[in-house]
Structure formats: structure tokens, C-alpha cells
Amino acid sequence: QVIGVVSVGFLLTEVDSIIDRYARNVVLVLFMGLAVGVPGALLLARSIKRAIHGLEPEEIAAITEHRTAILGAIREGIIAVDGQGTVVVANETARKLVSGLEPGVKVRDVLPNSRLPDVLAAGQPEFDQHMLLGDITVVTNRVPVRIDGKVRGVVASFRDQSDLERLSRELTDTRRYTDDLRAQAHEFANTLQAISGMLQLGQVDEAVDFIQEETSDYRTLVEALPRSVGDPAVAALLLGKRARAEELHSQFIIDPDSRLDGPLPESTLLVRVVGNLVDNALEAVSRVPLSQRLVRVRLTQEAERVCIEVADSGPGIPPELRGEIFREGFSTKAPGRGIGLALVKRLVERAGGQITAGIAPEGGALFRVFIPSVSIPTKRGG
């Protein structure tokens, strides 16, 4: 049963006044927000603009695309790390030379011998330094990146040393060939004058004997070396090193007892080992008088292994340093050297062999290498 009615009402004037009051507050807050937000947004935009050097988004995208294209076109390997030693940039060349090199990994995890963290800590650049990437010798430059005076990362560039040596040879070959031709012209002029004199005196037989004597040594070596060494690539290498020794005014002797007539390791391994050891020997004898420069090579085969001996008449290796000479980076010559012997040791041990250093009868260094006749194939990179 309905026993009554309650009616509640509001005056429209009161409702309008409440709406007006809240509307004024909303407008006031809105204007206050605009008054604070607009200057703040302008300051934030200016700060961001300054941080990105005033570039627009499409300009940033274009720069990123250009940077990617440039890094891909550079033949040198490029690696950049941040302040924590994490790789942030690695171009295609670097990734081909170093497996597992991708942005986001620690550089020491993929390159244990990397000096980028050391440069990051010291803040000092390093230029034209040699290092090993697997079995490849590279020449690298490491430069710290400074922002506001603080080191924020390091950029390294590196290139296969063989490429640089090839370019260097191409640049110096013309001058060297000119000097060689001048020397040969002088030498042959004397020889021709002697022959001419014999012929004018009617000593024809003596002239023939003189000509044969002048050419017999080299012809005999060319004919006998491939038969005694057994590997055409090694024989060609030794002939090339002999010619190089003549250019350096050094005596180069291939032991007449040298003989490789059984199963041999792969040619690439023998060429790299013999070539590096002979190059070291030629460099060693360059520090002694011309009359004392001698490099001797002996290749033999015994008990299913190949023995390589390279001796020189250089200053030799001090006894206290014999344990250090095979360590990467160690050198008695100049900073950034010390790669050749470390590479030889790595190649020999990977093939299951061993290398030793001692004193040669000539007074310099003597290196002996023993490699199993059937060795483990060597690999580049890694």
C-alpha cells in the first residue's frame, strides 16, 4: 500500500552554477597544462633535436641505409664495441673472417686474443698492429671513440696482411726491377766483355767453357730440385726464395742431401711453414755484414715424418728468449711484429707435429720442424 510520496528537486540555477564552477576549474587546469606542457615539449624537442644533430626521421633512415652500404663496400673488416666490450657493429668482411661475430656478443667470446677491451681501458689508439685471426695474419688499427671527452667504445679495422704485402710489392716492384736490371746489365756487361776478349784472342773453347760455367749451377738446381724435393709447390717456393736471397745479397743454400720421396703433407702446409721460416732467416741475416749472410735449408723424410731445417748466420736467439719466440706478439724486431713464428707453431701443432729452436752451426738460429707424412688438413679462419 502506498502510504506517501517523497519528491526531491534541484533548482536549475544551482545546477548551472555547479557546472559553471567545474567548467572554470577544468578550463583553468587545461590552460595550466598547456602553459607548462608546451614549453616543456619545446624544450624536449630541442634536446632530442640536438641529440640527433637536427636530423629528421627520414634523414636518419637515409643515413642508416648509407652507413650499411658503406660498411658492406669496405674491403677491410670493421668491428665497433661499446663501453662494455659488446659488439655493436660488424661489417660483412669482419663476419667472414671471424665466425660467430654478431652485434650483441662480447668481443672476447669470439676473439679471445682481441685487444679491444685493453684499448677501451687505456683509451690509447694502436695503429698497424699484427695479430692472428685463426691462421690468417692481419694488420689492424684500433681507435677509441670519445664522446664529451669520455671513451664510449672502440672501433677496429683490419685487413689480411697478404693483401697489404701484395699492394706494397706492386708499389715497389718498378723501382726494384729498375735497380735489378741496372745491376744485371753491369754484371752481364763484364761477362760479355770477358767472352768478347776470349773470342778476339781465338780462345773459342775457353769462351764456351766460361759460358757453361756461368749457367750450369742454376740450370742444375732447376733440374734437380723438383726430383729431390718431390713437391712442385715447395720446389718452386725454394727457387723463388733463392732469387729473393740474391736480391738481398745473401747466400742461400739448399742442402744437397735434401730429399722428400715418400708420402707428404699437403702442399699448402709445407709452403706456409717453409716460407715463413725462410723469410725470418733472410730478415735475421740482414742484420749482419754482407760477407756473413747465409741461409741454409734442409728437407728430409724419416720414420713417416718430414723434417724441415732452416738455419741462418744471423745474431741468433738468446737462451733466455727461446721459450718466448713462439708466443704471438713477441718480437725482438719492432712493436706489432711477432706473428710468423706463432703462425708456424700453430700450423705445425695442428698438423700433429712439433717445432724446436736452437743454435745453428753458422752461429745464428736453427729451427727444426717435424710433421707427420699424413697430416691433418689445415683450415683458414676460425
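# Sheets and helices, one question at a time

Reader: Which residue takes a positive phi in the hairpin of E1 and E2?
Author: Welcome! Keep in mind that this is a predicted model. The hairpin of E1 and E2 has 4 residues between the strands. The one with a positive phi, near 80°, is Gly85.

Reader: How many bridges pair E1 with E2?
Author: These two strands pair in the antiparallel sense. Within the pair, Ile79 stands opposite Ala90 in E2. The number of bridges between E1 and E2 is 3.

Reader: Which residue in E5 stands opposite Gly77?
Author: E1 is also joined to strand E5 (residues 150-160), and the two run antiparallel. The link is made of 6 bridges. Opposite Gly77 stands Phe158.

Reader: How many of the 6 residues of strand E1 are buried?
Author: Here a residue counts as buried at under 20% relative accessible area. Strand E1 (residues 77-82) is largely enclosed by the rest of the structure. That follows because, of its 6 residues, the number buried is 5.

Reader: Which strands stand at the edges of the sheet that holds E1?
Author: This open sheet has 5 strands in the order E2-E1-E5-E4-E3, with antiparallel pairing. The edge strands each have a single partner strand, so one side of each is left without a neighbour in the sheet. They are E2 (87-90) and E3 (126-133).

Reader: And which residue in E4 stands opposite Leu132?
Author: E3 and strand E4 (residues 136-147) pair in the antiparallel sense. Their pairing runs over 6 bridges. Facing Leu132 in E4 is Thr137.

Reader: What is the strand order in the open sheet with mixed pairing?
Author: That sheet also has its edge strands, E6 (251-254) and E9 (354-359), each with a single partner strand. Neighbouring strands of this sheet are turned by 15° against each other on average, direction ignored. The order of its 5 strands is E6-E7-E8-E10-E9.

Reader: Are E6 and E7 parallel or antiparallel?
Author: E6 is joined to strand E7 (residues 294-302) by 4 bridges. In this pair, Phe252 stands opposite Val295 in E7. The two strands run parallel.

Reader: Which helix lies across E6 and E7?
Author: Look for a helix that runs at about 155° to E6. It covers residues 232-247. Its name is H8.

Reader: Are H8 and H9 roughly parallel or roughly antiparallel?
Author: H8 packs with helix H9 (residues 267-285), their axes 9 Å apart and at an angle of about 15°. Angles under 35 degrees count as roughly parallel. H8 and H9 are therefore roughly parallel.

Reader: How many residues of the contact of H8 with H9 are nonpolar?
Author: On the H8 side, the residues that meet H9 include Val234, Leu237 and Lys241. Among their counterparts in H9 are Leu270, Val274 and Asp279. The contact has 2 polar and 3 charged residues, and its nonpolar residues number 10.

Reader: Why is H9 described as roughly antiparallel to H10?
Author: The axes of H9 and helix H10 (residues 340-350) come within 10 Å. Angles over 145 degrees count as roughly antiparallel. H9 is therefore roughly antiparallel to H10, as the two axes cross at roughly 150°.

Reader: Is the crossing of H9 past H10 left-handed or right-handed?
Author: In this contact, residues of H9 including Leu269, Val273 and Leu277 meet residues of H10 including Leu343, Val344 and Leu347. The contact divides into 8 nonpolar, 3 polar and 1 charged. The crossing is left-handed.

Terms used
Residues numbered from 1 in each chain as written. Predicted model: local features only at pLDDT ≥ 70, side-chain atom pairs only at ≥ 80, totals over all residues. Heavy atoms only, no water. Axes fitted to C-alpha atoms, helices over the stretch in contact; angles between N-to-C directions. Parallel < 35°, antiparallel > 145°, perpendicular 65-115°, else oblique. Contact = heavy atoms within 4.5 Å. Nonpolar A, V, L, I, M, F, W, Y, C, P; charged D, E, K, R; others polar. Pairing = 2+ DSSP bridges. Left-handed = near helix turned anticlockwise from the far one by under 90°. Buried < 20%, exposed > 50% of the residue type's maximum accessible area, 1.4 Å probe, protein only.
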